[in-house]
Amino acid sequence: MSQISETFKKLREKSEAAFMPFLTLGFPNIKECFDLIKTMSQSGADLIELGVPFSDPLADGPTIQEASQIALKNGMTVKKAIEIVKQLRSEGVSTPILLMGYANPFLAYGIENLARDLKAAKVDGLIIPDLPPNDSEEWLKYLSPQEIDLIFFLSPTTSKERMQTIIDKASGFIYGISVTGVTGARERLPDTIKTFIEDIKERTETPLCIGFGLSKADHIKEVSQIADGAIMASSIINTLAQTSAENRNETLSKLIKEMKNATKRT
């Protein structure tokens with residue numbers, strides 16, 4: 001059983017959903033980013049999603065796009081991303097970590113090399129928004145033996161046929177997109193979210209995490225009652241961007257604790 005699957009098993013026993021915060025690697029700079037990831041882990045994040053910046057991020061809204069541009073200027077690469085995770089592990093961070101990035105930089109690195117180096121760094125999962133499930137066999141060939149979960153997306157517009165294909169390939173968890181479009185903080189979640197989650201849950205026992213648009217504790221609480229996890233991205237980046245450097249770790253810690261508390265089922 002992978003570390004991600006083990007995490008969801010333990011949370012299910014405690015009647016909690018997972019809280020998974022997101023941070024772009026290299027934002028606001030490499031040193032601060034490293035410390036902020038440690039703060040996420042220490043403050044109760046169940047899993048951590050780390051973005052590997054790319055110049056053409058198709059699924060990312062303006063907040064994460066801007067953070068990615070800053071990270072690229074700071075010299076962040078796939079190689080450096082893996083090195084950061086390796087260093088985090090050496091300093092005692094045990095929270096499951098997933099890298100989120102786009103196919104081109106990973107392909108340039110080489111899929112076989114990537115799987116080997118991710119395993120060595122103790123990366124637990126990979127999220128690739130622009131990788132269609134039908135094109136994933138080569139990736140799974142190298143990732144699966146290393147117990148690295150490849151995470152696939154489902155959205156409200158996914159056809160039933162495609163949904164079943166994704167469910168059949170899924171491991172770790174399925175990433176449910178709460179809204180059509182790109183990432184970004186929103187005031188309220190769509191009314192169709194409950195039906196969307198229930199439809200997926202009826203078809204598979206693989207954990208389902210919901211992301212895109214979750215920006216406050218009420219959203220986390222709403223999703224956590226019916227899904228297995230909640231993902232927060234743009235709202236975290238916004239908060240960090242609006243906070244002075246000396247206060248970022250404290251502000252982030254409070255935010256993570258508040259959101260994690262909202263995952264407890266009533």
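This report looks at one strand with its neighbours, and then at one pair of helices, in a predicted model.

**Strand 7 and its neighbours**

Start with strand 7, which covers residues 174-177. Its side chains alternate in direction. Ile174 and Gly176 point one way, while Tyr175 and Ile177 point the other way. Which of these residues are buried? All of them are.

Strand 7 pairs with strand 6 and with strand 8. The table sets out the two pairings.

| Pairing | Residues of the partner strand | Bridges | Direction | Residue paired with tyrosine 175 |
|---|---|---|---|---|
| Strand 6 with strand 7 | residues 153-154 | two bridges | parallel | phenylalanine 153 |
| Strand 7 with strand 8 | residues 208-211 | four bridges | parallel | cysteine 209 |

Follow tyrosine 175 across the pairings. Phenylalanine 153 stands opposite tyrosine 175. In strand 8, cysteine 209 is the bridge partner of tyrosine 175.

How does the chain get from strand 6 to strand 7? It passes through helix 8, residues 160-169. This β-α-β crossover is right-handed.

**Helix 2 and helix 12**

Now turn to the helices. Two packed helices are described by the angle between their axes and the distance between the axes. Helix 2 spans residues 30-42, and helix 12 spans residues 248-261. Their axes come within 9 Å. They cross at roughly 30°. Angles under 35 degrees count as roughly parallel, so helix 2 and helix 12 are roughly parallel to each other. The crossing of these two helices is right-handed.

Which residues meet here? Helix 2 brings Glu32, Asp35, Leu36, Thr39 and Met40. Helix 12 brings Arg248, Asn249, Leu252, Ser253 and Ile256.

Definitions and conventions
Residues are numbered from 1 along each chain as its sequence is written. This is a predicted model: local features need pLDDT of at least 70, side-chain atom pairs count only at pLDDT 80 or more; totals for chains, interfaces and linings use all residues. Side-chain values use heavy atoms; hydrogens and water are left out. Buried means under 20% relative accessible area, exposed over 50%, partly exposed in between (1.4 Å probe, protein chains only). Two strands pair if DSSP finds at least two bridges between them. A crossover is right-handed if, with the strands pointing away from the viewer, the path from the first strand over the helix to the second runs clockwise. Axes are lines fitted to C-alpha atoms, for helices over the stretch in contact, and angles run from 0 to 180 degrees between N-to-C directions. Angles under 35 degrees count as roughly parallel, over 145 as roughly antiparallel, 65 to 115 as roughly perpendicular and the rest as oblique. A crossing is left-handed if the near helix is turned anticlockwise from the far one by less than a right angle, and right-handed if clockwise. Contact means heavy atoms within 4.5 Å.
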